[in-house]
Every structure is written in structure tokens, then in C-alpha cells.
Amino acid sequence: MHTPFTRYIILLSTYLKPQWRRSLLLGLLILLTIGLQLLSPQILKTFIDAALAHGVSSSLLLIALAFLAVLLLKQGLSIASTYLGEYVAWTATNQLRSDLIAHCLTLDHAFHSSHTSGEMIERVDGDVNALANFFSQLFFQLFSNVLLLFGILIMFFRIDWRAGLGVTLYAAFFLGMLIILNKRLIPYWKAQRQASADFYGFLGERLAGVEDIRTNGAVTAMMRRFLLLLRTWFPLTYRARMMDARFSIVNFTTIAAGFFLIFLLGAYLHGLYPTEVTVGTIIAMYNYGLMLLEPVWAIQDHIQDLQQVEACIQRVNELLLMTSALQDGQRTLSDGALKLAFRDVTFGYTETQPVVQDIALTVEPGKVLGIVGRTGSGKTTLARLVFRFYDPQHGEVCINDIPLQELSIRDLRQHIGLITQEVQLFHASVRDNLTFFNPTIPDTAILSALHESGLGVWYQSLPQGLESRLGPGGEGLSAGQAQLLAFARIFLINPGIVVLDEASSRLDPITERLLEQTMEKLLAGRTAIIIAHRLTTVQRAHDILLLEDGKIGEYGAREALASNPTSRFAQLLKHGLTEVLA
Ligand SMILES: Nc1ncnc2c1ncn2[C@@H]1O[C@H](COP(=O)(O)OP(=O)(O)OP(=O)(O)O)[C@@H](O)[C@H]1O
């Protein structure tokens, strides 16, 4: 495992290297800004000494103008470095974001089903945002604040070594004290924030359920819980604020002591060397003292932020180090209907508990296999194995007699179309919903897919054609229309195998008829696996697989099974699919 420091270096070099010119320019801008910042007290010193020595003169105006010019230039440079800093940071972190997303997409289904989407968003975006802060502010600000601090100390040493030493010791003490005090303060604010999060979490949940609370007469009990939460929240906030106040008192006393030290040193040195340490020098020392507070406070903040960033870098690294359990193959598939075979397949989500067992069957090109079985019998699991979301523990799944492990996963998935019960629709245009945001697919192909899937009339009613936006989660579409849109997606990619997990809910007769017609077109010239819930679909299947607790309960040609009165399938047909399998 790398030490934190090497991790920072690796991260910085990976993502800043491509922008080294901009980063270098940024470094230069920061150096110049610091140089100008250190110059202004010197100009002030010259001004005061000149005023005291010669009274009001034209040179004073020139010095004042130089002071103004330095201030303006410094301001301009800070704006430029802020802009450049943000630019460099956003470019670096956007690259990191896309690297992480691309990496997550290569991870297997087991990874994705064991991490919630919220967790992934927090990892990819929350952690990257913290790192964006590291790149844009923390790294460059820490760099410039440390430089500024050293610059100020050098200015004190230039005045006199005793001044330099005194102020260096003071700065070290001040910084150490701030770090210790802040560490003590953090738990108080953490507890306060937790209490506030609990309160708002409770409030949000109760507001969402306000009708149930009222109708069940639970208002008094809820109010009591509110008061209890407020009773915890208030003392925690009070304690945190009091600690803050104490912290401020110590802080300002130390600052005051610092200025006292500077004036004392100034007066002492003026006494020793009146011509070198002038009144102007003492004013400059005071100004450097004021200037010193800024980097000390900032460095203390940065140290805290670095601890957070360290945790983020660790999590991002962990994610990047994860690899998919599935090894990618090289071979590719031909177009057209494909042959699918399960060869003695056994698979379980855990090693010890098989979910499907000893599955051996073949679906010839262009044929339809209907899978029926009770809920939890392993139907969806079989479909997942076809997509190679998982590898079987025993046996193999083959397409055109090629084991899936030998196929390129990308190519494999381009040759299989999946329609699930719940169609995932995006809050985006009809075009993007059909093409999955691929802008290279021509309109003519999309329109033809819409017509083929029976959505021609629906498309005519769209105010902005393909650019019309669907509501969030497909709002405004009926379940049947959503299914047909999923069919249109399949027509568009034209795969050789279709896996269809049929919607179990009943559809209205018109949509049902439309779906039937579209299904006919969809299955023509394709191999299909249909997890069937409706009788009409089952009747389309050439073969039937009845799954019972992950094992083959019955498997054979549909007609043969249907005409055998002793078969389970014939019983199912007699008593109705949904009634028996529900
Ligand atoms: N990602 C998973 N991780 C662990 N166990 C799972 C996972 N998915 C499914 N299972 C378990 O595997 C078994 C088979 O589930 P599967 O979804 O394949 O059944 P199904 O026949 O498709 O059910 P349904 O008709 O309800 O969709 C169930 O016991 C289920 O709890």
C-alpha cells in the first residue's frame, strides 16, 4: 500500500501531467502574486521613512502610485490564478470522474448489486468533488500559503535575525496551537451536525407521511418526538458555540501577543540600530505580522482538509484497484439468429447455495424458448447468465457453440437484446431514450424502429418529434407504450438473440393486441428466451422450460408437452398460468 504522500504524488502526476504547461503557469502566477504581496509593506516602509525624513515631496506621490500599482497588479494576478486554478482542477477532476465511471462499468454484476446507486454516486461524485477541492484550492492554496509564510519569515530575517527567529517560533507555536484547538472543537460540531441531520431527517419523513399521521391520530406522539429531538439538538449547539467562543478568545489573545512581540522586537531593534530599523521598518513589521495570520489560519484549515482528502484518495484508489471477476474474451459473433446452449449449468450467487442447477438445453437459431416457473425459481438468473453478468460455477453457456468466456463481452452484449418487466426510461428526448444517447444513429433508423414497434401513431402525436422529452421515469407513458419503446430499442440494435422478461401485470386489450403484433415482428428471424407470464406468449414458444427450484422440472417441445395430459405444463395450461405460478 502506498503511503499517503506517494498517493498524493501519483494522483497529482497522473492528472496534472497532461496540463503541465497550465500548471507551470499557475505556479508562476502564484509566485508573482506572493512576490507582490511581500513587496507592499516595503513600499509602505519607504513611504513612511521618506515622509519622516523629507516631509511632503513629489517622491511621496510616486511611491504612493507604485503602492497602488502593486496592489492592482496583485489583484489582477490573483484573479488570473483563481481562473487558471479552477480550469486545471476541473479538467483534472472531470478526467478522474470519467476514468472512475468507465472503470465502474467494467466491473461485474456482483459488484453492482452489492453497491447501492447512492453509494456509487457518493463514491464517484462525492469523493471526486472533494478531490476537485484538493486540486483547485487545497493543493495550490497550500502551496501558495506555505510559500507566503516562508516569504514573510524571510522578510523578518532580512530585517534582523532576532526578529526572524522570534517570529518563526511564534508562527510555529500559533500554528500548533490552532491545530490542537481545532481537533478539540471538531467532535462538538460533528455531534451538533448529526443532531441537526437527525432532526431534518425526522421532519422530512413526517412531512411526507402527514396524512397517515393525522388520520391515525399520531400527531401528539409525533410532536413529543420533535420536542425530544429539539431537546438533544439545543444543548449540543450551545456547547459547540461555547467551545467556539473559547477558541476565539485564545486565538485573539495569541494574535494580540504576537503584535506585542513584534512591537517589542521593533522597539528593541530600533534602539540598537536606529538608522537601519526605522519607524517605517516597524510599520512594515506590523504589516508582515498582519500578513502572517492569513497563511497560518489557512494552513491549519488545509491540514484538516488534507485528512478528508486522504480518506477520499484511499476510497478512489480502492475502487480503481477493484477488477471484474469476469475475464474478457476475444471472439466475436456473426449477425443473424444465433444458437444458444446451456451445458450442465449450475450457478449460485454464493458458492454454497446453487440457484439454478444442472441446466442443459439448446435453443436452435430462430427458435423461442418459453421459461415458466414460480417466483424465485431462477428464471431471471438464467437470463443473467446469457448476458454473462455472472459465470456459472459448473458447466458453460455457449452461443453458436462458443463458450461465453471466449467471447468479447462488448460484442456479446451487442448481439443480445433485453427487455425487462420494468422498462428504464430517462428524462430525456425520445431519440436519446431509444439510442441510449448515441448521436451517430440516423433518424431514419429510429423512425423505422418506432414504426416497426407499432408506435407510429404515438410518434405522430409528439409535438417535437424525436426531440420531445419524456417525463422523469417515463411519466406520461402507459405501461404498454413503455414496453413498446423497449421493443423499439431492440429493433434499433437488431440483435440475434432476444431475452424478454414479460410484464406480469395485465394490459388493456388494445395494448395487448398491439404488443402481440409487435412481438411477432420482434421474434421473426431471432432466437428468443421469454420468461412468460401470459398464455398468448407461451403459445409462441417452440420449447418450454418449467423451472422448479432452479432445476429443470420439465423441458421439451411445447406441442408435445401440451398434448400430454400428464405433463405439468398441460396442467398449467388447463388451470391458467398466473393462477398456478403466482
Ligand atoms: N443479485 C442476487 N444476489 C443474491 N441472490 C439473488 C440475486 N438475485 C436473485 N437472487 C436469489 O436467487 C433466487 C432466484 O431468483 P430469480 O430472480 O432468478 O428468480 P425468478 O424466477 O426470476 O423470480 P421472479 O419471477 O420473482 O422474477 C431467489 O432466491 C433470489 O432471492
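Me: Which residue in S2 does Phe342 stand opposite?
Reply: Phe342 stands opposite Leu361 there. Helices and strands here are DSSP runs numbered from the N terminus (helices are H or I with at least four residues, strands are E with at least two).

Me: Anything to know about the model itself?
Reply: The model is predicted, with local features needing pLDDT of at least 70 and side-chain atom pairs counting only at pLDDT 80 or more, while totals for chains, interfaces and linings use all residues. Residues are numbered from 1 along each chain as its sequence is written.

Me: OK, back to S2. What does it pair with?
Reply: S2 pairs with strand S1 (residues 340–347) in the antiparallel sense, over 5 bridges. Two strands count as paired if DSSP finds at least two bridges between them. Phe347 also has a partner in S2, standing opposite Val356.

Me: And how many bridges join S1 to S4?
Reply: S1 and S4 run antiparallel and are joined by 5 bridges. One example is Ala341, whose bridge partner in S4 is Cys398.

Me: What order do the strands of that sheet come in?
Reply: The order is S2-S1-S4-S5, an open sheet of 4 strands with antiparallel pairing. Its edges are strand S2 (356–363) and strand S5 (402–403), which each pair on one side only.

Me: What about the sheet with 6 strands?
Reply: That one is open too, in the order S6-S7-S8-S3-S9-S10, with mixed pairing. Strand S6 (416–419) and strand S10 (551–557) are at the edges with a single partner strand each, so one side of each has no neighbour in the sheet. On average, neighbouring strands are turned by 15 degrees against each other, direction ignored. Angles come from lines fitted to C-alpha atoms (for helices, over the stretch in contact) and run from 0 to 180 degrees between N-to-C directions.

Me: How do S3 and S9 pair, parallel or antiparallel?
Reply: Strand S3 (residues 368–373) and strand S9 (residues 543–548) pair in the parallel sense, over 5 bridges. Ile371 stands opposite Leu545 in S9.

Me: Which strands does H10 lie across?
Reply: Helix H10 (residues 379–386) lies across S3, S6, strand S7 (497–501), strand S8 (527–531) and S9, at about 150 degrees to S8. H10 also lies across S1, S2 and strand S4 (394–399), at about 120 degrees to S1. Contact means that two C-beta atoms, placed from the backbone, lie within 7 Å.

Me: Switching topic: which residues are around the ligand?
Reply: They include Ser113, Tyr349, Val355, Lys379, Thr380 and Thr381. A residue makes that list if its C-beta atom, placed from the backbone, lies within 6 Å. H10 gives the most to this shell, with 3 residues.

Me: What's the longer helix H3 like, how far apart are its end C-alpha atoms?
Reply: The ends of helix H3 (residues 58–106) are 72 Å apart, which agrees with the 72 Å its 49 residues should span at 1.5 Å a residue. The expected span is 1.5 Å times one less than the number of residues. Among the buried residues of H3 are Leu77, Leu84 and Val88.

Me: Is Leu572 buried or exposed?
Reply: Leu572 is buried, with 22 other C-beta atoms within 10 Å. The cut-offs are 20 or more such atoms for buried, 12 or fewer for exposed, and partly exposed in between, with C-beta atoms placed from the backbone. Leu572 is in helix H19 (residues 568–575).
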